[in-house]
Amino acid sequence: MKEDKEIYTELVDSEWPFEYTDHDRHIVRAIVYDDDGYFYFVRADRDDDFGRAKVIETAGGGVEFGEELTIAIKRELSEELGVEVEVICKIGVVSDYYNLIHRHNINNYFLCKVISFGKTHLTDDEVESVENAAVDTENILKTLSDARRILMEHNVSNSTPISLEVPPA
């Protein structure tokens, strides 16, 4: 894995008032790509304390106690996407707070390249709510460009919720 300067960002939950945090959750997430220029994400239906939503997000999940981060990201990507990957580099850390549930997330982001495809290993709950989404480079760049244009047109800050339509897989 290539060692470069990492990015560190701290996000503040402006939706719910901060009272306290009662636990940290260590998480690994990845930007996953293949030789054909596709990026891989997870589509999920959420129905939790924050409400109902259909989201597209980077694949990843919780780090098990004592687990190394690179082992954790490989495990999570195998479970969620059914891929074996090469970890190219650690991009950095996004620290964020879910004030409603009193949780501090420490999200470790990696750039990973697909080596091979296999079968996913989802839990029963995940099978009901998660599917894989492959997006080609052209569509991801268009979506990011559209997002930037919308943000600029509406003078939206980075803490304002916004809904963007992502092209279907």
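Which residue in β6 is the bridge partner of Thr 9? The views below come from a predicted model.

**View 1. Strand β1 pairs with β6.**
Val 94 in β6 is the bridge partner of Thr 9. Strand β1 covers residues 7–10. Its pairing with β6 is parallel and runs over four bridges.

**View 2. Strands β6 and β7 form an antiparallel hairpin.**
Here 14 bridges join the two strands. Val 83 has Phe 117 in β7 as its bridge partner. Four residues lie between the strands of this hairpin. His 102 takes a positive phi in the hairpin, near 60°. In a regular strand, side chains alternate between the two faces of the sheet.

**View 3. The largest nonpolar core has 16 residues.**
Val 32, Ile 73, Leu 77, Leu 81 and Cys 112 touch the most other members. Five elements give two or more residues to this core: β2 (23–33), β3 (38–48), α1 (69–81), β6 (83–98) and β7 (103–117). Helix α1 gives the most, with four residues.

**View 4. Helix α1 agrees with its expected span.**
The helix has 13 residues, which should span 18 Å at 1.5 Å a residue. Its end C-alpha atoms are 17 Å apart, so the two values agree. The buried residues of α1 are Ala 72, Ile 73, Arg 75, Glu 76, Leu 77, Glu 80 and Leu 81. That list holds charged side chains as well as nonpolar ones, including Arg 75 and Leu 77. Just after the helix, Gly 82 takes a positive phi of about 70°.

**View 5. Glu 76 is a buried residue of helix α1.**
Is Glu 76 buried or exposed? Its relative accessibility is 6%, so Glu 76 counts as buried, the cut-off being under 20%. The side chains of Glu 76 and Arg 75 make a polar contact of 3.0 Å. Leaving aside residues up to four places away in sequence, Glu 76 touches Val 28, Gly 60, Gly 61, Gly 62 and Leu 81.

**View 6. Arg 75 takes part in a salt-bridge network.**
Side chains of opposite charge can pair when their charged atoms come close. Arg 75 meets Glu 79 in a salt bridge of 3.2 Å, N to O. Both residues lie in helix α1, four residues apart, about one turn of the helix. Salt bridges that share partners join Glu 64, Glu 67, Arg 75, Glu 76 and Glu 79 into one network. The Arg 75 and Glu 67 side chains also meet in a salt bridge, at 2.8 Å, N to O. Arg 75 and Glu 67 are both buried. For Arg 75 the relative accessibility is 19%, so this residue counts as buried, under the 20% cut-off.

**View 7. Asp 35 and Lys 113 form a salt bridge between distant parts of the chain.**
The whole structure holds six salt bridges. In the Asp 35 and Lys 113 pair, the side chains meet at 2.8 Å, N to O. Asp 35 sits in the loop between β2 and β3, and Lys 113 in strand β7, 78 residues apart. How do the two ends count, buried, partly exposed or exposed? Asp 35 counts as exposed because its relative accessibility is 63%, over the 50% cut-off. Lys 113 is at 24% relative accessibility and therefore counts as partly exposed.

Methods: Residues numbered from 1 in each chain as written. Predicted model: local features only at pLDDT ≥ 70, side-chain atom pairs only at ≥ 80, totals over all residues. Heavy atoms only, no water. Core = buried A, V, L, I, M, F, W, Y, C linked by side-chain atoms within 4.5 Å. Buried < 20%, exposed > 50% of the residue type's maximum accessible area, 1.4 Å probe, protein only. Polar contact = N/O pair within 3.5 Å; in protein donor to acceptor, adjacent residues only side chain to side chain. Contact = heavy atoms within 4.5 Å. Expected span 1.5 Å × (residues − 1). Salt bridge = Lys/Arg side-chain N within 4 Å of Asp/Glu carboxyl O. Pairing = 2+ DSSP bridges.
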